[in-house]
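Subject: Handover of a structure and what was found in it

Dear colleague,

Please find below the structure that I am handing over to you. I would be grateful if you kept it open while reading the notes after it.

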Amino acid sequence: MDQSSAKFIVDGNAYDLPVITGTEGEKGVDISKLRAQSNYVTFDQGFGNTSNCLSSITFLDGEQGVLRYRGYPIEQLAERSSFLETAYLLIYGELPNAEQLRSFSEAFTENSMIHEDMKNLFNGYPSTAHPMAILASMVCSLEAYYPDIDTMNPNPEEFDQIAAQLMSKIRTIAAFAYKKSIGEPFVYPRHDLEYVPNFLNMMFSSPTRAYKIYDEVVKAVKVLLILHADHEQNCSTSTVRLVGSAQSNLFASISSGICALWGPLHGGANEAVIDMLEAIHKGGGDVDHCLERAKDKTNPFRLMGVGHRVYKSYDPRAKIIKECAHDLLAKLGIHDPLLDIAMRLEEKVLKDSYFVDRNLYPNVDFYSGIIYKAVGIPRNMFTVMFAIGRMPGWIAHWREMKDSPGTRIGRPRQIYVGPHKRDYVPINKR
Ligand code: CMC
C-alpha cells in the first residue's frame with residue numbers, strides 16, 4: 001500500500017482516496033469506500049479504467065508491448081519453455097524443478113481420459129454443432145463426474161487434481177468434439193505421447209489412417225499455446241473470476257470463461273480473421289476495399305485481428321506468431337495466399353492514419369489462424385485451440401481470486417436511467 005493518496009472533491013466535500021502502487025510502478029486509486037463516504041459511484045463502461053484485483057500472475061505494458069508471465073518475458077518462454085512448464089509456472093507461481101514437472105506431467109496422463117459415460121453426451125449433439133458449444137458444456141458437465149471432490153473450495157490436493165483434470169481433459173474433449181463433427185470414431189489419449197503430439201494424434205489419426213507427427217508442427221502449436229496461456233484481466237478471465245467469486249465451482253467458472261472467449265471480439269477473432277482474409281482472396285485480393293469498410297463509421301465491419309484494449313503498440317504475441325507462421329509454412333513447403341494478403345493488409349494498417357492515430361496494430365489473432373490452417377486444424381476449432389492454451393491462465397486466476405484476502409462477490413454498480421416510478425395499468429386500460 002502506498003502512503004500517498006488522491007483527493008476526490010465533489011459537492012464542496014473532499015475525500016482522501018488511498019493510492020495503490022504495483023511492483024512495476026502502476027498506480028491505482030482505491031475507490032472501494034467512495035460510495036459509502038460520498039454516495040458517488042464511478043462510471044467506466046467496459047472496465048477500461050478499472051482494476052478488479054491485485055494480481056501477481058501476468059504483467060502487461062500495452063504502451064511498450066511487454067508481456068511477462070510471473071516475471072518471465074513471453075519471448076523467452078515461447079522460445080525455450082514447454083507448454084506444461086509454462087502452465088505450471090502460471091498456476092503455481094514458479095518454474096518447476098525436474099521432479100515437479102515429472103509429477104505434473106504424470107497427473108496429466110492419469111487424467112487424460114474422460115468418463116466413458118460422457119461419450120454419450122457427444123452423441124446428443126448435431127454434427128453441425130460448433131465445437132465451442134460442446135467444449136463449454138462438457139467442461140461444465142465434468143463436475144458431475146467427481147462428486148467426492150470439493151470443486152468449490154478444494155483443498156490443495158483436490159485443487160492439483162482438478163487443475164490436471166481440466167488441463168488434460170480439455171484436450172481430449174476438444175479432439176472428441178472434432179471427431180464427432182466429421183463422423184469419425186474417437187481416438188483415445190496415449191500415455192507415451194507428450195501434450196501436443198497426444199492432442200494432434202487424437203485429432204488426426206484414425207483406425208485406417210496413421211498420423212505422422214512432425215516436430216515443426218508440434219513446435220508451432222506449442223508456441224501458440226504458450227502465447228495464449230494468460231493475458232491478465234481479459235474478458236474470459238474476468239468472467240472466470242466473476243463467476244468464481246460467487247463461489248461457483250472451478251469447472252463451472254471455466255466453462256463460463258470458454259463462453260466469453262467464443263465471441264469474435266475476443267478469442268473468436270482468429271476464426272473471423274480467416275473468414276475476412278478468404279473473402280478478400282475470393283474478391284480478387286483487394287485489401288484497400290476491406291480497409292475502407294473498416295474505416296467507414298457507418299459500417300459496423302471491423303478489421304479482424306487488429307486493435308486491442310490494452311496494447312497501444314505492436315502486440316508482442318503477434319510478432320512471435322508472424323515469424324512462426326513464416327517458419328512453419330516454409331518448412332512444410334506450403335504457399336498460402338492468405339499469408340500474403342495478411343502481410344499486405346498489415347503493411348497498409350501500419351501506414352494508414354486511421355489505424356496509426358488510434359494505435360491499432362495486429363493482435364494475437366491476426367496470424368494464428370494461418371498456422372492452424374497449415375497444421376490442418378479446421379476453422380471452427382481455432383477458438384477451441386485458444387481455449388486449450390488459456391486453460392492454465394484461467395485456473396491460475398481462479399485460484400488467486402480464491403486465495404486473495406478480501407475477495408468479495410463481483411457485483412458492479414450501475415447508474416439507472418430508466419423511467420421514474422409509475423403505477424401499473426391493467427391490459428384492458430392500455
Ligand atoms: N477495425 C476498425 N476500427 C477499429 C478496430 C478495428 N479492428 N478496432 C478498434 N477500432 C476503432 C474503433 O472504431 C474506435 O474508433 P473511434 O475512436 O473513432 O470511435 C477506436 O478504434 C477505439 O476502439 P474501441 O472499440 O474503443 O476499442 P476497444 O478497446 O473497446 O476494443 C477490440 C478492442 C479488440 C474489441 C477492438 O479493437 C476490435 O474490435 N478488434 C477486432 C476484433 C479482434 O481482433 N479481437 C481480438 C482481440 S486480441 C485477442 C483477445 O484478447 O481475445
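The notes below go from the whole chain to the ligand and then to single residues. Please bear in mind that this is a predicted model.

The chain as a whole

The chain holds 18 helices and six strands. Its radius of gyration is 23 Å, and the globule rule gives 22 Å for 430 residues, so the chain is as compact as a globular protein of that length. Measured out along the principal axes, the C-alpha trace covers about 75 × 65 × 60 Å. Of the 430 residues, 47% are buried. If one takes the contacts with a separation of 6 or more, 70% of them join residues 24 or more positions apart. The chain has an accessible surface of about 21900 Å², and carbon and sulfur atoms account for 52% of that surface.

The ligand and its surroundings

Which residues come nearest to the ligand? There are 21 residues around the ligand, and those that come nearest are His266, Lys297, Leu303, Gly305 and Arg309. Sorted by class, this shell consists of 10 nonpolar, six polar and five charged residues.

Three pairs of atoms deserve a look in the viewer:

- Arg302 places a polar side-chain atom 2.9 Å from an oxygen atom of the ligand.
- Arg309 also has a polar side-chain atom beside an oxygen atom of the ligand, at 2.7 Å.
- Leu303 takes part through its backbone, where a polar atom is 2.7 Å from a nitrogen atom of the ligand.

The ligand taken alone exposes 940 Å², and the protein buries 75% of that area.

Two residues of helix α12

Helix α12 covers residues 269-282, and Asn270 lies in it. Is Asn270 buried or exposed? Its relative accessible area is 0%, and buried means under 20%, so Asn270 is buried. The side chain of Asn270 makes a polar contact of 3.1 Å with the side chain of Thr383. Apart from neighbours within four places in sequence, the residues in contact with Asn270 are Asp365, Ser368, Tyr372, Phe382, Thr383 and Phe386.

Leu277 belongs to helix α12 as well. With a relative accessibility of 0%, Leu277 counts as buried. Again leaving aside neighbours within four places in sequence, Leu277 is in contact with Leu338, Ile341, Ala342, Leu345 and Ile370. The C-alpha atoms of Leu277 and Val287 are 8.9 Å apart, while the two residues are 10 residues apart along the chain.

Residues in loops

Leu265 sits in the loop between α11 (250-262) and α12. Its relative accessible area is 76%, and exposed means over 50%, so Leu265 is exposed. Although Leu265 and Gly305 are 40 residues apart along the chain, 8.8 Å separates their C-alpha atoms. Gly305 was named above among the residues that come nearest to the ligand.

Two further residues concern the backbone angle phi. Most residues other than glycine have a negative phi. Glu232 is not a glycine, yet it has a positive phi of about 40 degrees. Glu232 is located in the loop between α9 (215-228) and α10 (235-245). Asn359, also a residue other than glycine, has a positive phi near 55 degrees. The loop between α16 (353-357) and α17 (365-375) contains Asn359, which counts as partly exposed at 30% relative accessibility.

Yours sincerely

Terms used
Residues are numbered from 1 along each chain as its sequence is written. This is a predicted model: local features need pLDDT of at least 70, side-chain atom pairs count only at pLDDT 80 or more; totals for chains, interfaces and linings use all residues. Side-chain values use heavy atoms; hydrogens and water are left out. A residue is near a molecule or strand if one of its heavy atoms lies within 4 Å of it. A polar contact is a pair of N or O atoms within 3.5 Å; within protein, one must be able to donate a hydrogen and the other to accept it, and residues adjacent in sequence count only if both atoms are side-chain atoms. Accessible areas come from the Shrake-Rupley method with a 1.4 Å probe; for residues, only the protein chains shown count as cover. Ala, Val, Leu, Ile, Met, Phe, Trp, Tyr, Cys and Pro count as nonpolar, Asp, Glu, Lys and Arg as charged, and the others, Gly among them, as polar. Helices (H or I, at least four residues) and strands (E, at least two) are DSSP runs, numbered from the N terminus. The radius of gyration is taken over C-alpha atoms; the globule rule is 2.2 Å times the number of residues to the power 0.38. Buried means under 20% relative accessible area, exposed over 50%, partly exposed in between (1.4 Å probe, protein chains only). Contact means heavy atoms within 4.5 Å.
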